[in-house]
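I set out to go through this structure and note what I looked up. Cavity first, then aromatic rings, then one helix residue.

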Amino acid sequence: MYQKIKELAQLYYPDTVNSRRNLHKYAERGWLEVRTACIIATQLEELGYEVLAGEDIMDKDARMGLPSEHALHLNYRRAQKENANPKYLEKVKMGMTAVAGVLRCGEGPTIGLRFDIDALGLIEDTNDDHVPFVEGFNSCHLGAMHACGHDGHTAIGLTTARILMDIKDQLHGTIKLIFQPAEEGVRGARSIAESGFLDDIDYLFAAHIMPKLDRDYDLYFGMNETFATTKLDVTYHGVSTHAAESPQFGKNAILSAATCIVNLHAIPRNAQGDTRVNVGTIHAGTGRNVIPETAKMELEVRGATTELNRYMEMYARDIINGAALMHDTVVEVKEMGKAHAVECDEDLMNELRIMCENHLPDLSLPPVNMDPLGGSDDFSYLMTRVQAHGGKATYMKLLTPIVSSPHNTAFDFDEKVLELGPRVFASIVYNYTNGKSKL
(Lines give C-alpha, C1' and ligand atoms only; values in the text may rest on other atoms or scores of the structure.)
Protein backbone atom coordinates (compact mmCIF):
# COMPACT_ATOMS: atom_id res chain seq x y z
CA MET A 1 0.00 0.00 0.00
CA TYR A 2 2.88 2.37 0.72
CA GLN A 3 4.07 1.86 -2.85
CA LYS A 4 0.60 2.65 -4.17
CA ILE A 5 0.54 5.83 -2.10
CA LYS A 6 3.88 6.83 -3.61
CA GLU A 7 2.59 6.20 -7.12
CA LEU A 8 -0.56 8.24 -6.45
CA ALA A 9 1.49 11.15 -5.10
CA GLN A 10 3.55 11.04 -8.31
CA LEU A 11 0.44 10.74 -10.48
CA TYR A 12 -1.24 13.73 -8.86
CA TYR A 13 1.93 15.82 -8.65
CA PRO A 14 1.13 18.04 -11.70
CA ASP A 15 -2.30 18.79 -10.21
CA THR A 16 -0.71 19.57 -6.84
CA VAL A 17 1.62 22.06 -8.51
CA ASN A 18 -1.27 23.68 -10.38
CA SER A 19 -3.24 23.92 -7.14
CA ARG A 20 -0.33 25.55 -5.33
CA ARG A 21 0.17 28.07 -8.12
CA ASN A 22 -3.50 29.00 -8.21
CA LEU A 23 -3.49 29.58 -4.45
CA HIS A 24 -0.27 31.56 -4.73
CA LYS A 25 -1.72 33.83 -7.41
CA TYR A 26 -4.80 34.63 -5.33
CA ALA A 27 -3.06 35.00 -1.97
CA GLU A 28 -5.23 36.01 0.98
CA ARG A 29 -4.07 37.15 4.42
CA GLY A 30 -5.26 35.77 7.75
CA TRP A 31 -9.04 35.78 8.34
CA LEU A 32 -9.48 36.98 4.74
CA GLU A 33 -8.98 33.56 3.08
CA VAL A 34 -12.53 33.51 1.67
CA ARG A 35 -11.76 32.38 -1.88
CA THR A 36 -9.17 29.92 -0.55
CA ALA A 37 -11.63 28.41 1.94
CA CYS A 38 -14.31 28.06 -0.74
CA ILE A 39 -11.89 26.23 -3.04
CA ILE A 40 -10.89 23.85 -0.23
CA ALA A 41 -14.48 23.13 0.77
CA THR A 42 -15.59 22.61 -2.84
CA GLN A 43 -12.77 20.19 -3.63
CA LEU A 44 -13.32 18.21 -0.44
CA GLU A 45 -17.03 17.94 -1.25
CA GLU A 46 -16.29 16.78 -4.78
CA LEU A 47 -14.00 14.09 -3.39
CA GLY A 48 -16.79 12.81 -1.14
CA TYR A 49 -15.75 14.20 2.25
CA GLU A 50 -18.11 15.43 4.91
CA VAL A 51 -17.35 19.15 4.79
CA LEU A 52 -17.44 21.43 7.82
CA ALA A 53 -16.75 25.15 7.65
CA GLY A 54 -16.92 28.32 9.70
CA GLU A 55 -18.87 27.92 12.92
CA ASP A 56 -19.02 24.14 12.39
CA ILE A 57 -15.43 23.93 13.66
CA MET A 58 -14.72 27.37 15.15
CA ASP A 59 -15.48 29.18 18.37
CA LYS A 60 -16.26 32.59 16.96
CA ASP A 61 -15.39 34.40 20.18
CA ALA A 62 -11.94 32.74 20.42
CA ARG A 63 -10.59 34.38 17.27
CA MET A 64 -7.70 36.80 17.73
CA GLY A 65 -6.32 39.67 15.67
CA LEU A 66 -9.28 40.13 13.34
CA PRO A 67 -9.04 42.72 10.55
CA SER A 68 -11.52 45.58 10.48
CA GLU A 69 -15.10 44.88 9.39
CA HIS A 70 -14.41 47.05 6.36
CA ALA A 71 -11.51 44.82 5.31
CA LEU A 72 -13.61 41.69 5.89
CA HIS A 73 -16.43 43.08 3.73
CA LEU A 74 -14.04 44.11 0.95
CA ASN A 75 -12.48 40.66 0.82
CA TYR A 76 -15.90 39.01 0.74
CA ARG A 77 -16.87 41.14 -2.26
CA ARG A 78 -13.59 40.35 -3.98
CA ALA A 79 -14.12 36.62 -3.46
CA GLN A 80 -17.58 36.98 -5.00
CA LYS A 81 -16.06 38.58 -8.09
CA GLU A 82 -13.47 35.80 -8.25
CA ASN A 83 -16.26 33.22 -8.44
CA ALA A 84 -16.02 31.74 -4.96
CA ASN A 85 -18.55 28.93 -4.55
CA PRO A 86 -21.77 30.56 -3.21
CA LYS A 87 -22.57 27.37 -1.27
CA TYR A 88 -19.64 28.01 1.08
CA LEU A 89 -19.15 31.75 0.63
CA GLU A 90 -21.72 32.64 3.28
CA LYS A 91 -20.28 30.14 5.78
CA VAL A 92 -16.70 31.40 5.60
CA LYS A 93 -17.24 35.15 5.28
CA MET A 94 -16.38 37.71 7.97
CA GLY A 95 -13.39 35.87 9.37
CA MET A 96 -14.87 32.37 9.65
CA THR A 97 -12.49 30.78 7.16
CA ALA A 98 -11.62 27.43 8.78
CA VAL A 99 -12.55 24.32 6.77
CA ALA A 100 -12.38 20.62 7.58
CA GLY A 101 -12.98 17.43 5.65
CA VAL A 102 -14.01 14.31 7.57
CA LEU A 103 -13.65 10.77 6.23
CA ARG A 104 -15.27 8.03 8.30
CA CYS A 105 -13.94 4.51 7.74
CA GLY A 106 -15.54 2.49 10.53
CA GLU A 107 -13.92 1.46 13.77
CA GLY A 108 -10.45 2.72 14.53
CA PRO A 109 -8.51 5.74 15.80
CA THR A 110 -9.22 9.34 14.87
CA ILE A 111 -6.37 11.00 12.98
CA GLY A 112 -6.08 14.75 12.53
CA LEU A 113 -3.97 16.49 9.89
CA ARG A 114 -3.55 20.26 9.97
CA PHE A 115 -2.70 22.51 7.00
CA ASP A 116 -2.43 26.30 7.34
CA ILE A 117 -3.82 28.41 4.50
CA ASP A 118 -3.02 32.12 4.99
CA ALA A 119 -0.61 34.47 3.25
CA LEU A 120 1.45 37.39 4.53
CA GLY A 121 1.01 41.14 4.06
CA LEU A 122 3.83 41.59 1.54
CA ILE A 123 4.11 42.99 -1.98
CA GLU A 124 5.65 40.20 -4.06
CA ASP A 125 8.81 40.61 -6.12
CA THR A 126 8.53 41.24 -9.87
CA ASN A 127 12.15 40.57 -10.72
CA ASP A 128 13.11 38.45 -13.71
CA ASP A 129 14.66 35.78 -11.48
CA HIS A 130 11.52 35.30 -9.38
CA VAL A 131 9.86 32.11 -10.67
CA PRO A 132 6.26 32.98 -9.75
CA PHE A 133 6.61 36.24 -11.71
CA VAL A 134 8.30 34.57 -14.69
CA GLU A 135 5.79 31.72 -14.76
CA GLY A 136 2.79 34.01 -14.36
CA PHE A 137 1.50 33.08 -10.91
CA ASN A 138 2.68 36.11 -8.93
CA SER A 139 0.09 37.31 -6.44
CA CYS A 140 -2.57 39.44 -8.12
CA HIS A 141 -3.74 40.68 -4.70
CA LEU A 142 -1.58 43.69 -3.89
CA GLY A 143 -0.26 43.48 -0.34
CA ALA A 144 -0.81 39.73 0.05
CA MET A 145 1.82 37.10 -0.75
CA HIS A 146 2.43 33.47 0.10
CA ALA A 147 5.94 33.95 1.46
CA CYS A 148 6.00 31.10 3.97
CA GLY A 149 4.85 28.07 1.98
CA HIS A 150 1.24 27.92 3.15
CA ASP A 151 0.08 27.73 -0.46
CA GLY A 152 2.16 24.55 -0.65
CA HIS A 153 0.70 23.27 2.62
CA THR A 154 -2.84 23.74 1.33
CA ALA A 155 -2.08 22.02 -1.97
CA ILE A 156 -0.43 19.14 -0.09
CA GLY A 157 -3.53 18.84 2.08
CA LEU A 158 -5.89 18.67 -0.89
CA THR A 159 -3.79 16.02 -2.65
CA THR A 160 -3.54 14.05 0.59
CA ALA A 161 -7.35 14.15 0.71
CA ARG A 162 -7.47 12.79 -2.83
CA ILE A 163 -5.08 9.92 -2.08
CA LEU A 164 -6.91 8.96 1.11
CA MET A 165 -10.20 8.81 -0.74
CA ASP A 166 -8.58 6.51 -3.32
CA ILE A 167 -7.48 4.07 -0.60
CA LYS A 168 -10.39 4.53 1.82
CA ASP A 169 -11.27 0.82 1.65
CA GLN A 170 -7.90 0.14 3.32
CA LEU A 171 -8.44 2.65 6.14
CA HIS A 172 -10.00 2.05 9.55
CA GLY A 173 -11.12 4.90 11.76
CA THR A 174 -11.86 8.58 11.19
CA ILE A 175 -9.67 11.12 9.41
CA LYS A 176 -10.07 14.86 10.01
CA LEU A 177 -8.30 17.17 7.56
CA ILE A 178 -8.10 20.62 9.14
CA PHE A 179 -7.40 23.69 7.01
CA GLN A 180 -6.53 26.46 9.46
CA PRO A 181 -6.71 30.21 8.81
CA ALA A 182 -4.57 32.99 10.30
CA GLU A 183 -1.48 31.09 11.41
CA GLU A 184 0.65 34.16 10.70
CA GLY A 185 0.55 36.18 13.88
CA VAL A 186 -0.53 32.97 15.69
CA ARG A 187 -4.19 33.98 15.60
CA GLY A 188 -6.24 31.18 14.06
CA ALA A 189 -5.72 27.88 15.89
CA ARG A 190 -7.33 28.84 19.20
CA SER A 191 -10.78 29.20 17.65
CA ILE A 192 -10.57 25.63 16.32
CA ALA A 193 -9.12 24.21 19.53
CA GLU A 194 -11.81 25.79 21.70
CA SER A 195 -14.64 24.61 19.43
CA GLY A 196 -14.15 21.03 20.65
CA PHE A 197 -13.52 19.70 17.15
CA LEU A 198 -10.24 18.10 18.26
CA ASP A 199 -11.50 16.41 21.39
CA ASP A 200 -11.79 12.93 19.88
CA ILE A 201 -8.47 13.00 18.01
CA ASP A 202 -5.96 10.30 18.98
CA TYR A 203 -3.08 11.37 16.73
CA LEU A 204 -2.49 14.86 15.31
CA PHE A 205 0.10 15.75 12.67
CA ALA A 206 1.23 18.86 10.82
CA ALA A 207 4.28 19.79 8.75
CA HIS A 208 5.93 22.94 7.48
CA ILE A 209 7.97 23.42 4.33
CA MET A 210 11.47 24.37 5.48
CA PRO A 211 14.81 25.14 3.77
CA LYS A 212 17.03 22.17 3.04
CA LEU A 213 20.22 24.25 3.29
CA ASP A 214 23.25 21.95 3.39
CA ARG A 215 21.35 19.04 4.90
CA ASP A 216 20.50 16.31 2.45
CA TYR A 217 17.46 15.09 4.40
CA ASP A 218 13.83 14.91 3.34
CA LEU A 219 12.09 15.47 6.66
CA TYR A 220 12.37 15.78 10.41
CA PHE A 221 9.75 14.07 12.57
CA GLY A 222 9.39 16.99 14.97
CA MET A 223 10.60 20.43 15.99
CA ASN A 224 12.17 21.81 19.16
CA GLU A 225 13.60 25.16 20.28
CA THR A 226 10.26 26.86 19.79
CA PHE A 227 8.84 29.90 21.55
CA ALA A 228 5.52 30.33 23.23
CA THR A 229 4.36 33.85 22.47
CA THR A 230 1.76 36.52 23.15
CA LYS A 231 1.05 39.40 20.73
CA LEU A 232 -0.46 42.56 22.21
CA ASP A 233 -1.78 45.82 20.79
CA VAL A 234 -1.51 48.56 23.42
CA THR A 235 -3.19 51.95 23.03
CA TYR A 236 -2.74 54.78 25.52
CA HIS A 237 -5.51 57.39 25.60
CA GLY A 238 -4.63 60.80 27.01
CA VAL A 239 -5.93 64.35 26.60
CA SER A 240 -4.74 66.73 23.87
CA THR A 241 -4.09 70.40 24.45
CA HIS A 242 -1.81 73.23 23.27
CA ALA A 243 1.77 72.27 24.14
CA ALA A 244 2.78 75.87 25.01
CA GLU A 245 -0.38 77.68 26.11
CA SER A 246 -1.93 75.06 28.41
CA PRO A 247 0.31 71.96 28.81
CA GLN A 248 -0.94 71.45 32.38
CA PHE A 249 -4.32 70.36 31.04
CA GLY A 250 -2.91 67.64 28.81
CA LYS A 251 -2.25 63.99 29.46
CA ASN A 252 0.59 62.84 27.24
CA ALA A 253 -0.01 59.42 25.69
CA ILE A 254 3.49 59.31 24.17
CA LEU A 255 5.04 59.65 27.63
CA SER A 256 3.12 56.56 28.74
CA ALA A 257 4.23 54.69 25.63
CA ALA A 258 7.87 55.77 26.03
CA THR A 259 7.91 54.77 29.68
CA CYS A 260 6.39 51.43 28.74
CA ILE A 261 8.89 50.73 25.95
CA VAL A 262 11.95 51.45 28.06
CA ASN A 263 10.74 49.29 30.90
CA LEU A 264 9.56 46.42 28.72
CA HIS A 265 13.07 46.03 27.40
CA ALA A 266 14.34 46.03 30.99
CA ILE A 267 12.34 42.96 32.07
CA PRO A 268 14.83 40.72 33.91
CA ARG A 269 16.03 37.64 32.07
CA ASN A 270 15.00 34.29 33.53
CA ALA A 271 17.37 31.50 34.52
CA GLN A 272 14.82 28.88 33.43
CA GLY A 273 15.37 29.59 29.72
CA ASP A 274 15.33 32.04 26.83
CA THR A 275 12.87 34.93 26.74
CA ARG A 276 12.19 37.69 24.22
CA VAL A 277 10.38 41.03 24.08
CA ASN A 278 9.99 43.42 21.18
CA VAL A 279 8.02 46.59 20.50
CA GLY A 280 7.67 46.49 16.74
CA THR A 281 5.62 49.61 15.95
CA ILE A 282 4.47 52.83 17.59
CA HIS A 283 2.07 55.35 16.07
CA ALA A 284 1.28 58.50 18.00
CA GLY A 285 0.59 62.21 17.95
CA THR A 286 -0.74 64.78 15.50
CA GLY A 287 1.75 67.65 15.58
CA ARG A 288 4.76 69.14 17.36
CA ASN A 289 2.69 71.72 19.24
CA VAL A 290 -0.06 69.35 20.43
CA ILE A 291 0.08 67.17 23.54
CA PRO A 292 -0.50 63.71 21.99
CA GLU A 293 -3.87 62.22 22.82
CA THR A 294 -3.22 58.64 21.64
CA ALA A 295 -0.26 56.33 21.21
CA LYS A 296 -0.57 52.80 19.84
CA MET A 297 2.12 50.14 20.14
CA GLU A 298 2.36 46.63 18.70
CA LEU A 299 4.50 44.33 20.79
CA GLU A 300 5.23 40.70 21.52
CA VAL A 301 6.76 38.61 24.27
CA ARG A 302 8.13 35.08 23.90
CA GLY A 303 9.43 32.31 26.10
CA ALA A 304 11.17 29.02 25.43
CA THR A 305 8.37 27.35 27.41
CA THR A 306 4.74 28.22 27.96
CA GLU A 307 5.61 29.02 31.59
CA LEU A 308 8.39 31.43 30.57
CA ASN A 309 6.05 33.18 28.16
CA ARG A 310 3.53 33.53 30.98
CA TYR A 311 6.26 35.13 33.12
CA MET A 312 7.04 37.61 30.33
CA GLU A 313 3.39 38.39 29.66
CA MET A 314 2.51 39.03 33.30
CA TYR A 315 5.56 41.25 33.74
CA ALA A 316 4.74 43.12 30.53
CA ARG A 317 1.13 43.71 31.51
CA ASP A 318 2.22 45.15 34.86
CA ILE A 319 4.56 47.56 33.05
CA ILE A 320 1.87 48.54 30.54
CA ASN A 321 -0.60 49.37 33.30
CA GLY A 322 2.05 51.09 35.42
CA ALA A 323 3.01 53.41 32.56
CA ALA A 324 -0.62 54.49 32.26
CA LEU A 325 -0.83 55.26 35.98
CA MET A 326 2.45 57.20 35.91
CA HIS A 327 1.19 59.70 33.33
CA ASP A 328 -2.54 59.58 34.15
CA THR A 329 -3.62 58.05 30.85
CA VAL A 330 -6.07 55.25 30.12
CA VAL A 331 -4.70 52.09 28.52
CA GLU A 332 -6.45 49.62 26.21
CA VAL A 333 -4.82 46.21 25.68
CA LYS A 334 -5.91 43.77 22.97
CA GLU A 335 -4.55 40.25 22.68
CA MET A 336 -3.89 39.79 18.96
CA GLY A 337 -2.27 36.34 18.92
CA LYS A 338 -0.99 33.59 21.15
CA ALA A 339 0.81 30.25 20.95
CA HIS A 340 2.18 27.69 23.36
CA ALA A 341 5.59 26.10 23.03
CA VAL A 342 5.63 23.16 20.59
CA GLU A 343 6.15 19.92 22.51
CA CYS A 344 6.28 16.95 20.14
CA ASP A 345 5.68 13.45 21.52
CA GLU A 346 8.89 11.45 21.43
CA ASP A 347 7.23 8.03 21.10
CA LEU A 348 5.18 9.28 18.15
CA MET A 349 8.31 10.54 16.38
CA ASN A 350 10.04 7.21 17.00
CA GLU A 351 7.08 5.38 15.44
CA LEU A 352 7.24 7.63 12.38
CA ARG A 353 10.93 6.87 12.00
CA ILE A 354 10.25 3.13 12.08
CA MET A 355 7.45 3.54 9.52
CA CYS A 356 9.74 5.43 7.15
CA GLU A 357 12.64 3.02 7.58
CA ASN A 358 10.39 0.04 6.88
CA HIS A 359 8.07 1.40 4.20
CA LEU A 360 9.57 4.59 2.74
CA PRO A 361 13.21 3.48 2.51
CA ASP A 362 14.08 5.89 -0.31
CA LEU A 363 13.65 8.90 1.98
CA SER A 364 16.79 10.43 3.45
CA LEU A 365 16.32 10.60 7.22
CA PRO A 366 18.36 12.59 9.75
CA PRO A 367 20.03 10.84 12.71
CA VAL A 368 17.86 12.77 15.21
CA ASN A 369 14.10 13.21 15.27
CA MET A 370 13.87 16.96 15.81
CA ASP A 371 15.27 20.17 14.38
CA PRO A 372 14.82 23.72 15.75
CA LEU A 373 11.86 25.84 14.69
CA GLY A 374 13.39 29.02 16.11
CA GLY A 375 10.04 30.80 16.20
CA SER A 376 6.40 30.28 17.15
CA ASP A 377 3.46 28.48 15.59
CA ASP A 378 -0.09 28.22 16.86
CA PHE A 379 -0.31 24.58 15.81
CA SER A 380 0.85 24.35 19.43
CA TYR A 381 -2.70 25.28 20.49
CA LEU A 382 -4.07 22.28 18.61
CA MET A 383 -1.31 19.99 19.95
CA THR A 384 -1.96 21.05 23.53
CA ARG A 385 -5.69 20.41 23.17
CA VAL A 386 -5.10 16.89 21.83
CA GLN A 387 -2.38 16.06 24.34
CA ALA A 388 -4.60 17.24 27.21
CA HIS A 389 -6.92 14.26 26.70
CA GLY A 390 -4.14 11.73 26.17
CA GLY A 391 -3.66 12.07 22.41
CA LYS A 392 -0.30 12.34 20.67
CA ALA A 393 0.95 15.04 18.32
CA THR A 394 4.00 16.18 16.38
CA TYR A 395 4.99 18.99 14.01
CA MET A 396 7.25 17.82 11.19
CA LYS A 397 9.58 19.56 8.75
CA LEU A 398 9.38 18.89 5.00
CA LEU A 399 12.77 19.94 3.63
CA THR A 400 13.29 21.40 0.17
CA PRO A 401 15.57 23.97 -1.50
CA ILE A 402 14.26 27.49 -0.91
CA VAL A 403 14.88 30.82 -2.62
CA SER A 404 15.45 33.68 -0.18
CA SER A 405 14.14 33.39 3.38
CA PRO A 406 10.57 32.91 4.61
CA HIS A 407 8.63 36.17 5.00
CA ASN A 408 10.72 37.77 2.23
CA THR A 409 9.21 39.24 -0.95
CA ALA A 410 11.44 36.98 -3.09
CA PHE A 411 10.52 33.74 -1.25
CA ASP A 412 9.89 30.61 -3.30
CA PHE A 413 10.45 26.87 -2.86
CA ASP A 414 11.32 23.83 -4.97
CA GLU A 415 7.95 22.32 -5.85
CA LYS A 416 9.24 18.74 -5.60
CA VAL A 417 8.20 18.93 -1.95
CA LEU A 418 4.61 18.88 -3.23
CA GLU A 419 5.13 15.23 -4.10
CA LEU A 420 6.83 14.37 -0.81
CA GLY A 421 4.19 15.97 1.41
CA PRO A 422 1.09 14.03 0.30
CA ARG A 423 3.08 10.80 0.31
CA VAL A 424 4.21 11.31 3.91
CA PHE A 425 0.79 12.36 5.21
CA ALA A 426 -1.13 9.60 3.42
CA SER A 427 1.38 6.99 4.60
CA ILE A 428 0.97 8.19 8.18
CA VAL A 429 -2.81 7.90 7.99
CA TYR A 430 -2.61 4.41 6.49
CA ASN A 431 -0.08 3.37 9.14
CA TYR A 432 -2.09 4.61 12.11
CA THR A 433 -5.52 3.51 10.92
CA ASN A 434 -4.25 -0.03 10.41
CA GLY A 435 -3.00 -0.55 13.96
CA LYS A 436 0.66 -0.22 13.01
CA SER A 437 1.61 2.60 15.35
CA LYS A 438 3.67 0.19 17.44
CA LEU A 439 5.79 -1.39 14.71
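**Cavity lining.** I sorted the lining of the largest cavity by residue character: five residues are nonpolar, one is polar and one is charged. I note here that the model is predicted. Which residues make up the lining? I listed R114, F115, H153, I156, A207, L398 and F425. Which elements give two or more residues to it? I found β3 (110-116) and α7 (150-166). R114 is the charged residue, because Arg counts as charged. H153 is the polar one, because His is not among the residue types listed as nonpolar or charged.

**Cavity search.** How many cavities of 30 Å³ or more does the whole structure hold? I searched and got one. I read its volume as about 30 Å³. Rolling a probe the size of a water molecule over the atoms shows where empty space is left.

**Aromatic pairs.** I looked up the ring pairs next and found nine in the structure. One of them joins F411 and F413. Their ring centres are 6.4 Å apart, and the planes make an angle of 50°. I entered the pair as tilted, because 50° is neither under 30 degrees nor over 60. The 6.4 Å spacing counts as a pair because the cut-off is 6.5 Å.

Are these two rings buried or exposed? F411 has a relative accessible area of 1%. F413 has 4%. I marked both as buried, because each value is under 20%.

I also looked for a cluster. F115, F179 and F425 form one. Two of its members, F115 and F425, also appear in the lining of the largest cavity.

**Charges over rings.** Where does R35 lie? I placed R35 over the face of Y26, at 3.8 Å from the ring centre. I then checked R162. Its charged end sits over the ring of Y12, 3.7 Å from the centre.

**V92.** I looked up V92 last and found it in helix α5 (residues 86-92). Its relative accessibility is 0%. I wrote V92 down as buried, because the limit is 20%.

What does V92 touch, beyond its neighbours within four places in sequence? I noted contacts with V34, A37, C38, A53 and T97. I then looked at C38 in detail. V92 and C38 are 54 residues apart in sequence. In space, their C-alpha atoms are 7.6 Å apart.

Terms used. Residues numbered from 1 in each chain as written. Predicted model: local features only at pLDDT ≥ 70, side-chain atom pairs only at ≥ 80, totals over all residues. Heavy atoms only, no water. 1 Å grid on protein atoms, 1.4 Å probe; cavity = no way out; pocket = protein on both sides within 12 Å on 5 of 7 lines; lining within 4 Å. Points joined across faces, edges and corners; volume = space filled by probe spheres on them. Helix = DSSP H or I, 4+ residues; strand = E, 2+ residues; numbered from the N terminus. Phe/Tyr/Trp six-rings, centres within 6.5 Å; stacked < 30°, edge-to-face > 60°. Buried < 20%, exposed > 50% of the residue type's maximum accessible area, 1.4 Å probe, protein only. Lys NZ or Arg CZ within 6 Å of the ring centre and 35° of its normal. Contact = heavy atoms within 4.5 Å.
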